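Me: I'd like to go through this complex and ask what stands behind each label. Could you set each value against its definition for me?

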2 protein chains.
Amino acid sequence: MSDGIGYCEIRKIEKIDTEEYDTISRVLNAIGNRNRIAMLAVISKYMEVCACELQPALGMPQPTITTHLHKMYDVGILKRKEVGKFSYYSINPKFEGIVNDILRGRTETMEA
Amino acid sequence: MSDGIGYCEIRKIEKIDTEEYDTISRVLNAIGNRNRIAMLAVISKYMEVCACELQPALGMPQPTITTHLHKMYDVGILKRKEVGKFSYYSINPKFEGIVNDILRGRTETMEA
DNA sequence: TTCTCATATCACTAAATATTAATATGACAC
DNA sequence: GTGTCATATTAATATTTAGTGATATGAGAA
């Protein structure tokens, strides 16, 4: 380190504000989990599913299901409708585009 | 719990194989980080950037930059070209579609 | 070779996340 | 009221991930 900077600067790239990407990163982080994508696949197929239906489909205990659903609900990916003691989850229309891209089409181009 | 099952089954949803979503989930997980998306934004803008250029742009120490770049390189999002002591990273064409969707357009529909 | 510097790897700490048993809430049936 | 069942929450542990100083590698210059 010669005199102060501590790194090369082939080009001077302006300092970038990472906070700008906070929302999108939290959304992608909420989707980027094998079990949660599987849940999205089921919800996308059936349009609306009861949490109790996901339990046998995913083969995991109820609190695990709830936790994952809430993670996606919290960032707005899922909508929730409560009917009696049941909770029905569906994909927020705002996110249908990206969710479908992830579940279909776009996914294939990434493989191999 | 009456006699064995332990959960309701409003509809019988077939058991889903979560492993099918392993690749896509690892990709999204690698993108779903505020700092890494910021890096993708810079790389996308300049087409190809040297790791040393990202240091001042992101304002973080060199090992942190390398770690993040490697995480994305490992899942195939980034390509690397080594020239002398420099390493240039670019977005793997296979992932340009989804990366652009994330950085532009699609992102906006998610806000608010 | 020796020095410099960009990069990669290592080692360690801190923070976040996943998982799940146990418990609480709350709706409905009786 | 009591009992049942779906869901939510709590609590605790296990695992993963982020971040970074220190060190190693390796290319190019002198």
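Reply: Gladly, starting with a definition: a polar contact is a pair of N or O atoms within 3.5 Å; within protein, one must be able to donate a hydrogen and the other to accept it, and residues adjacent in sequence count only if both atoms are side-chain atoms. This is a predicted model, in which local features need pLDDT of at least 70 and side-chain atom pairs count only at pLDDT 80 or more, while totals for chains, interfaces and linings use all residues. Residues are numbered from 1 along each chain as its sequence is written, chains are lettered from A and ligands numbered from 1 in the order in which they are written, and side-chain values use heavy atoms, with hydrogens and water left out.

Me: What makes Ser87(A) a polar contact of DNA strand D?

Reply: An N or O atom in the side chain of Ser87(A) is 3.1 Å from a sugar or linking oxygen of DNA strand D, so the pair meets the 3.5 Å limit. Two residues of chain B reach phosphate oxygens of DNA strand D: Asn35(B) with a side-chain N or O atom at 3.3 Å, and His68(B) with a polar side-chain atom at 2.8 Å.

Me: Which residues come nearest to DNA strand D?

Reply: Of the 26 residues around the strand, these are Gln62(A), Arg80(A), Cys8(B), Arg36(B) and His68(B). A residue counts as near if one of its heavy atoms lies within 4 Å of the strand. Of the DNA strand D atoms within 4 Å of the protein, 72% belong to sugar or phosphate and the rest to bases. H4(B) gives the most to this surface, with five residues; helices (H or I, at least four residues) and strands (E, at least two) are DSSP runs, numbered from the N terminus.

Me: And what holds for DNA strand C?

Reply: Here Cys8(A), Arg36(A), His68(A), Gln62(B) and Arg80(B) come nearest, out of 26 residues around the strand. Sugar and phosphate account for 71% of the DNA strand C atoms that come within 4 Å of the protein. Phosphate oxygens of DNA strand C lie 2.8 Å from a polar side-chain atom of His68(A) and 2.9 Å from a backbone N or O atom of Cys52(B). The largest share of this surface, five residues, comes from H4(A).

Me: Why is the pair Arg11(A) and Glu53(B) called a salt bridge?

Reply: The term asks for a side-chain nitrogen of Lys or Arg within 4 Å of a carboxyl oxygen of Asp or Glu. The closest N and O atoms of Arg11(A) and Glu53(B) are 2.7 Å apart, so the pair qualifies. The rule finds six salt bridges across the interface of chain A and chain B. There are also 14 residue pairs in polar contact between the chains.

Me: How much area do the two chains bury?

Reply: About 5200 Å², with 62% of it on carbon and sulfur atoms. Buried area is the accessible area (1.4 Å probe) that two parts lose on being put together, summed over both. Each chain brings 56 residues to the contact, meaning heavy atoms within 4.5 Å.

Me: How do you know that E2(B) and E3(B) pair?

Reply: Two strands pair if DSSP finds at least two bridges between them. E2(B), residues 78-83, and E3(B) have six bridges in the antiparallel sense, so they pair. One bridge partner in E3(B) is Ser90(B), for Lys79(B).
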